[in-house]
Amino acid sequence: MEPIRTVTRSGGRLSLLYGLFAAILWLGAGALLLSLLLRYSGLNETSLPTLALATHGVSALAGGFTAGRRAGQKGWHIGLLLGALYALIVLAIGFLAADAPIGPESLALLATAAGAGTVGGMFGVGTRR
């Protein structure tokens, strides 16, 4: 018989939560960096949507990397789930808090986050020992 701790061990859901936490931390750091650049450099507000999308991509990449590393297997799957969940959370917060419309930009965010999360998950599983 197998010991209970090895039979009931499931790292998939917990790794997704760790990945979401990492993505939120990276989003906070990126938002702080963007606001500092906007205030203290010659950055125009017209380039802000593109930079915000890139920040979301980097955040989903870091979250997918963390989730894939913790899961240890199926990195593309866990990264895709993380990216889609991350994008849906960001879109829901934007819709509920700021009345942001759901449009083509939302689809671009979903595609960017899901793609970046997938790549991050694959690299995260590859770095696991």
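Start with the contact between helices H3 and H4 in this predicted model. In H3, select His56, Ser59, Ala60, Gly63, Gly64, Ala67, Gly68 and Ala71; in H4, select Ile78, Gly79, Leu82, Tyr86 and Val90. These two sets of residues meet. Sorted by class, the contact of H3 with H4 has seven nonpolar and six polar residues, and no charged ones.

Now show the two helices as cartoons. H3 and H4 pack with their axes 8 Å apart, at an angle of about 140 degrees. That angle makes H3 oblique to H4. The crossing of the pair is right-handed.

Stay on H4 and select Leu82. Leaving out residues up to four places away in sequence, Leu82 touches Leu16, Gly19, Leu20, Ala60, Gly63, Gly64 and Ala67. Ala60, Gly63, Gly64 and Ala67 lie on the H3 side of the contact just viewed, while Leu16, one of the other partners of Leu82, falls within the span of H2, 12–40.

**The nonpolar core**

Leu82 also leads into the largest nonpolar core, which has 14 residues. Select Ala60, Leu82, Tyr86, Leu109 and Ala113 to see the residues with the most contacts inside this core. Four helices each supply at least two of the core residues: H2 (12–40), H3 (48–71), H4 (75–98) and H5 (104–126). Which helix gives the most to this core? H4 does, with six residues.

**From H4 to H5**

Next, hide H3 and bring up H4 with H5. Their axes are 7 Å apart, and the packing angle is about 150 degrees. The crossing of H4 and H5 is right-handed. On H4, select Gly75, Trp76, Gly79, Leu80, Gly83, Ala84, Tyr86, Ala87, Val90 and Leu91. On H5, the partners are Ser106, Leu109, Leu110, Ala113, Ala114, Gly117, Thr118, Gly121, Met122 and Val125. By class, 13 nonpolar and seven polar residues make up the contact of H4 with H5, with no charged residues. Gly79, Tyr86 and Val90 are worth keeping highlighted: they take part in the contact with H5 and also in the contact with H3.

**From H3 to H5**

Bring H3 back and hide H4. The axes of H3 and H5 come within 6 Å and cross at roughly 35 degrees. H3 passes H5 in a right-handed crossing. From H3, select Leu53, His56, Gly57, Ala60, Leu61, Gly64, Phe65, Gly68 and Arg69. They meet Ala108, Leu109, Thr112, Ala113, Ala116, Gly117, Val119, Gly120, Gly121, Phe123, Gly124 and Val125 of H5. The class count for the contact of H3 with H5 is 11 nonpolar, nine polar and one charged.

Within this contact, zoom in on Thr112, which is in helix H5. Is Thr112 buried, partly exposed or exposed? At 28% relative accessibility, Thr112 counts as partly exposed. Apart from neighbours within four places in sequence, Thr112 is in contact with Leu53 and Gly57. Draw a distance from the C-alpha of Thr112 to that of Ala54: the two are 8.3 Å apart in space but 58 residues apart in sequence.

Then move to Thr55 in helix H3. Thr55 has a relative accessible area of 13% and is buried. Setting aside residues up to four places away in sequence, Thr55 touches Leu27, Gly30, Ala31 and Leu34.

**Two loops**

Most residues other than glycine have a negative phi. The next two stops have positive values.

Select Lys74 in the loop between H3 and H4. Lys74 has a positive phi, near 50 degrees. With a relative accessible area of 58%, Lys74 is exposed.

Go on to Asp99 in the loop between H4 and H5. Phi of Asp99 is positive too, at about 55 degrees. Asp99 counts as exposed, at 66% relative accessibility.

**The whole chain**

Finally, zoom out. How many helices and strands are there in the chain? The chain has five helices and zero strands, and the order of elements from the N terminus is α-α-α-α-α. Of its 129 residues, 29% count as buried. Among contacts in the chain with a separation of 6 or more, 80% are between residues 24 or more positions apart.

Methods
Residues are numbered from 1 along each chain as its sequence is written. This is a predicted model: local features need pLDDT of at least 70, side-chain atom pairs count only at pLDDT 80 or more; totals for chains, interfaces and linings use all residues. Side-chain values use heavy atoms; hydrogens and water are left out. A nonpolar core is a set of buried Ala, Val, Leu, Ile, Met, Phe, Trp, Tyr and Cys residues joined through side-chain atoms within 4.5 Å. Buried means under 20% relative accessible area, exposed over 50%, partly exposed in between (1.4 Å probe, protein chains only). Contact means heavy atoms within 4.5 Å. Axes are lines fitted to C-alpha atoms, for helices over the stretch in contact, and angles run from 0 to 180 degrees between N-to-C directions. Angles under 35 degrees count as roughly parallel, over 145 as roughly antiparallel, 65 to 115 as roughly perpendicular and the rest as oblique. A crossing is left-handed if the near helix is turned anticlockwise from the far one by less than a right angle, and right-handed if clockwise. Ala, Val, Leu, Ile, Met, Phe, Trp, Tyr, Cys and Pro count as nonpolar, Asp, Glu, Lys and Arg as charged, and the others, Gly among them, as polar.
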